[in-house]
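Good morning, colleagues. Please look at the display, and I shall then take you through the interface and a few individual residues.

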Amino acid sequence: MKEKYIRNFSIIAHIDHGKSTLADRLIENTGGLSLREMKEQVLDSLEVERKHGITIKAQTARLEYTYKSEKYYLNMIDTPGHVDFGYEVSKSLKACEGCLLVVDATQGVEAQTIANAYLAIDNDLEIIPVINKIDLPSADIEKTKQEIEDGLGIDASDAIEISAKNNINIDKVLDSIIEKIPPPKGSIDKPLRALVIDSWYDNYRGVIFIIRVFDGQLKQNDKIMMYSTKKTYEAEELGIFTPKVKKVDLLTNGSVGYVVANIKNIQDAMVGDTLTLADNPTNKPFEGFAKPKPFVFAGIYPTDPENYEDLAEALEKLQLNDASLTVEKEKSDSLGFGFRCGFLGVLSMNITKERLEEEFGLDVIITNPSVLYKVEQTNGEIIELSNPSKLPPPQKIAAIYEPFVDIEIITPAEYVGNILKLLQEKRGRQQDLSYISQDRVLIKYSIPLVEIITDFYDKLKSLSRGYASFDYNFRDFEKSRLIKLIILVNSKEIDSFSMIVPKDKAYRTAREVLRNLKRFIPKQLFEIRLQAKIGGKIIAKEQISPLRKDVLAKCYGGDITRKRKLLEKQKRGKKKMKQLGSVEISKEAFIKLVEINN
Amino acid sequence: MNNKIYLYVHIPFCYKKCPYCAFVSYEKRLSSLALYIKRLIDEIKDFKTSKVVQSIYFGGGTPSTLKIKHIESVLNAVYSNFTVDKNAEITFESNPVSLKIDYLKGLKSLGINRLSIGVQSFMDSKLKILGRLHDSQKAFKAVKNAQDTGFNNISIDLIYGLNETEKDMEFELKNACSLDVQHISTYMLSIEKGTLFEKLFKSGELTISNDEDTANLYLFISDYLKSAGYKHYEISNFAKGGFESNHNSAYWLGYDYRGFGVSASSFVDGIRFKNTDSLDNYINKKNYVVYEKQLDEIDKIKEAFVLLLRMKDGVEIEHFNKRYNTNIKKLYKNELDKFEKLDMIKEKNGHIFLNGAEAMVVSNAVLSEFI
């Protein structure tokens with residue numbers, strides 16, 4: 001296949017701007033799937049993805065399109081759309097020469113539009129602006145073009161105006177991919193040099209990885225070598241996605257396809273690695289991608305301690321497909337044995353939880369999400385921790401550093417006041433504030449990561465009636481005035497409720513936490529004293545009076561079974577209870593507490 | 001293992017259904033009464049046992065919807081089909097409005113020796129909310145008629161939990177004690193599924209005492225009746241010495257009992273079964289018995305233990321261990337330790353029991369860990 005007939009491209013967009021719908025149309029219009037086979041949004045393969053309306057693992061499809069009587073092969077490389085998955089976006093873009101930047105004409109440029117466009121610019125891609133949803137009454141095409149030019153510095157004068165949903169101007173998109181995006185460079189005569197752009201573990205086939213060939217060619221049964229490990233394998237099967245799986249004998253320079261090579265360990269086929277031939281290796285490996293670093297941490301525990309082993313196994317399997325997921329054993333007084341896991345963000349955390357529940361049938365509890373702290377001890381040693389209960393005693397701490405992120409928010413101007421107030425409350429520092437169009441503002445702040453990992457998104461949405469969007473990037477660790485807030489139930493410290501809080505907010509947080517505990521801990525046969533402590537000092541108190549009435553006074557003419565069933569139900573409820581010191585609390589209440597406490 | 005049996009006869013008819021009551025009973029079906037009695041007698045005759053009957057209990061519904069001749073035919077069936085102990089306790093539940101002298105004389109002549117009268121309250125305003133057909137004067141009169149007819153084992157029911165103050169409760173108990181009855185059952189009002197009260201409660205038209213107040217009333221009642229000479233012998237029951245209800249105690253003590261009629265439950269030779277709640281199915285003999293899953297040994301022990309704990313005297317350890325071939329203190333070591341520490345359960349003189357009214361009022365929280 002000649003390089004000049006190949007185009008490699010991605011679609012990038014803010015969430016819900018129509019990326020997946022456009023992908024569907026491109027497949028449909030090039031005959032990749034018959035109408036009958038065409039499911040809505042075919043590229044989103046995982047159940048969980050469909051539910052969240054987002055694409056998690058990048059996938060590819062080779063589309064065949066005839067332009068001016070010549071047949072072209074367009075490799076579409078799907079990218080995830082959410083802020084948590086910036087890493088996955090960048091690895092997809094590495095495999096392309098150009099991209100379609102989709103902007104919703106009713107929404108305009110949003111935070112992830114900017115973040116993704118910058119990634120594309122960084123990768124020297126040809127960017128084709130595409131304005132979607134032009135047939136909606138609230139579409140404002142001119143304003144959207146203006147925002148693309150002002151906000152991104154991209155010429156939008158010949159942006160393609162489409163409706164992916166109603167199949168308007170999809171052919172123009174296809175033509176422009178061929179006209180504007182350069183064909184792949186490289187030479188088929190050079191030694192094989194291919195980039196691993198995705199890999200996952202399949203229970204039957206072992207590791208499957210997707211490569212983009214940058215030089216040379218790969219034939220079936222070739223002896224391949226992973227550059228970083230120098231391990232060699234036989235390329236048992238090569239293929240492409242159309243998006244249906246189609247085996248091929250050959251992957252030539254410029255093309256994108258999958259390789260199955262009987263690799264059992266995903267660590268041996270890491271994304272970013274260079275694949276080459278064992279007996280004629282390239283001497284120009286790719287730099288590789290930095291391994292994604294988890295930013296958000298939380299404990300995952302089985303609701304029923306007997307499921308610990310199952311949970312361990314499930315997490316191991318999830319790790320095969322999620323290079324960013326980190327897992328470490330952990331023990332909690334109240335929750336027993338579990339794992340401390342690291343995630344790219346809160347969304348990935350929730351997706352992991354759902355996959356554990358849906359794909360593995362496990363019932364799990366996730367503790368307060370937290371971030372990675374660096375603690376400088378008085379002896380000069382620096383330790384890293386994410387579990388607040390692991391914090392050394394105050395007299396041993398010289399300083400605590402917490403991760404800060406640069407956050408970019410785009411909002412209609414009328415909500416700026418509300419949003420600035422929220423950012424101030426969340427300990428943010430303003431970096432910049434500028435107008436990207438007459439009534440839309442780009443706000444840049446640096447802000448502690450921990451402040452945005454739980455309710456920030458919901459608050460931002462409600463303050464702006466859903467119009468504001470945001471994205472963030474890790475900035476640095478900064479010294480903060482943080483202290484450990486300890487929660488005691490009947491004088492016993494409850495480790496899963498400990499938290500690291502800003503000193504200035506400690507009193508307020510303590511009172512709030514205790515109020516919530518009081519609300520959700522059911523009355524017991526004895527009085528419950530709740531206390532919040534920093535250092536050796538109690539800073540807030542509550543109490544829950546004992547249970548007064550819980551009795552079955554009637555007899556129901558000897559219907560003992562009914563009585564027994566009632567007691568059994570009560571007992572079953574108790575079996576699932578979590579122990580907070582001497583106090584028992586239902587799983588549901590526990591989860592609420594964990595959610596609210598942060 | 002036991003040669004004794006306790007009989008229950010359910011009369012599922014009422015002139016008017018009480019808005020709080022979830023027991024199985026039918027209004028406006030009195031025309032089926034004669035047929036129902038016929039079926040009851042069939043059921044009694046179909047049941048064969050050599051065990052000696054210790055009690056016969058007519059419950060409802062409203063048993064006093066029956067004519068004397070109906071009761072007579074049922075009792076005849078019992079006497080002709082079983083051996084009945086000559087000291088058997090024969091209880092008849094009734095509505096105060098039914099207890100006219102003639103009716104009472106009829107009951108007496110049939111050998112009925114215990115009356116349970118649904119007084120519920122001595123406050124007319126409360127009786128109205130409860131939807132009762134009688135007022136306090138009728139209640140006084142009914143008890144007096146019964147005593148005049150020669151009944152010397154009378155129980156009255158009281159309900160509380162309708163926002164009574166302690167003064168209100170004192171008024172109720174003072175009146176109850178002034179009647180000089182032998183037995184008093186006091187029931188906490190609870191909102192039952194499918195009742196009118198449930199609807200009114202949900203819509204906010206009805207309010208009831210909160211848990212705190214109800215618990216305080218419970219403790220107040222216990223103290224008051226104890227100082228008036230009644231023994232608090234079961235969670236909801238009080239009796240003068242020797243007048244504890246044999247029949248009701250049989251349920252808690254794990255004795256065999258056989259219930260006849262709609263919705264009646266039975267426990268015979270270790271097997272539990274229950275009749276249908278449907279009057280028509282019962283009358284037409286249509287799938288009317290449901291056998292319950294047999295409990296395994298350990299669950300039987302647990303159930304017996306929990307039921308016994310409802311009684312003041314609780315579990316007699318040695319007797320229990322022998323009867324159920326177990327070691328109850330070993331089986332429940334953790335639970336007993338826990339609740340003894342919390343002062344909910346006590347062990348004394350070879351008995352394990354709930355530690356007084358304070359423990360009884362939260363007994364579900366305790367018992368649910370033993371089941």
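Let me begin with a term. A polar contact is a pair of N or O atoms within 3.5 Å, and within protein one of the two must be able to donate a hydrogen and the other to accept it. Please also bear in mind throughout that this is a predicted model.

With that term in hand, consider E402(A). The side chain of E402(A) makes a polar contact with the side chain of R427(A), at 2.6 Å. E402(A) itself belongs to strand 24 of chain A, which covers residues 397-412. Is E402(A) buried or exposed? With a relative accessible area of 0%, E402(A) is buried, because the limit for that class is under 20%. Which residues surround it? Setting aside neighbours within four places in sequence, E402(A) is in contact with Y373(A), R427(A), P448(A), V450(A), D476(A), F477(A), E478(A), S480(A) and L482(A). R427(A), the polar partner, is thus also on the contact list.

A second residue of chain A is T144(A), placed in helix 5, residues 141-152. T144(A) counts as buried, at 2% relative accessibility. The side chain of T144(A) reaches the backbone oxygen of D140(A) at 2.7 Å. Not counting residues up to four places away in sequence, T144(A) touches V103(A), D104(A), A105(A), G108(A) and I131(A). As for N132(A), 12 residues separate it from T144(A) in sequence, and the C-alpha atoms of the two are 10.0 Å apart.

I turn now to chain B. This chain has 371 residues, of which 58% count as buried, and its secondary structure comprises 16 helices and 17 strands. Among contacts in chain B between residues at least 6 apart in sequence, 70% join residues at least 24 apart. Chain B exposes about 16100 Å², and carbon and sulfur atoms supply 49% of that area.

One residue of chain B deserves a closer look, namely D280(B), which lies in helix 10, residues 279-283. At 39% relative accessibility D280(B) counts as partly exposed, because that class runs from 20% to 50%. The side chain of D280(B) is joined to that of R29(B) by a polar contact of 2.7 Å. D280(B) and Y36(B) are 244 residues apart along the chain, while 9.4 Å separates their C-alpha atoms.

Finally, the interface. How many residues of each chain take part in the contact? From chain A there are 27 residues, in contact with 43 residues of chain B. The size of an interface is often given as the accessible area lost when the parts come together. Here, chain A and chain B bury about 3300 Å² between them, with 59% of it on carbon and sulfur atoms.

As to specific interactions, three salt bridges are counted between the two chains. One of the pairs in such a bridge is D211(B) with K549(A), whose closest N and O atoms are 3.9 Å apart. Seven residue pairs are found in polar contact across the interface, with both residues at pLDDT 80 or more. On the side of chain A that touches chain B, the largest share comes from helix 12, residues 560-575, which contributes 10 residues. By residue class, that side of chain A divides into 10 nonpolar, four polar and 13 charged residues.

Thank you for your attention; I would be glad to take questions.

How values were computed
Residues numbered from 1 in each chain as written. Chains lettered and ligands numbered in written order. Heavy atoms only, no water. Helix = DSSP H or I, 4+ residues; strand = E, 2+ residues; numbered from the N terminus. Buried < 20%, exposed > 50% of the residue type's maximum accessible area, 1.4 Å probe, protein only. Contact = heavy atoms within 4.5 Å. Areas by Shrake-Rupley, 256 points an atom, 1.4 Å probe, with all protein chains shown as cover. Buried area = accessible area lost by both parts, 1.4 Å probe. Salt bridge = Lys/Arg side-chain N within 4 Å of Asp/Glu carboxyl O. Nonpolar A, V, L, I, M, F, W, Y, C, P; charged D, E, K, R; others polar.
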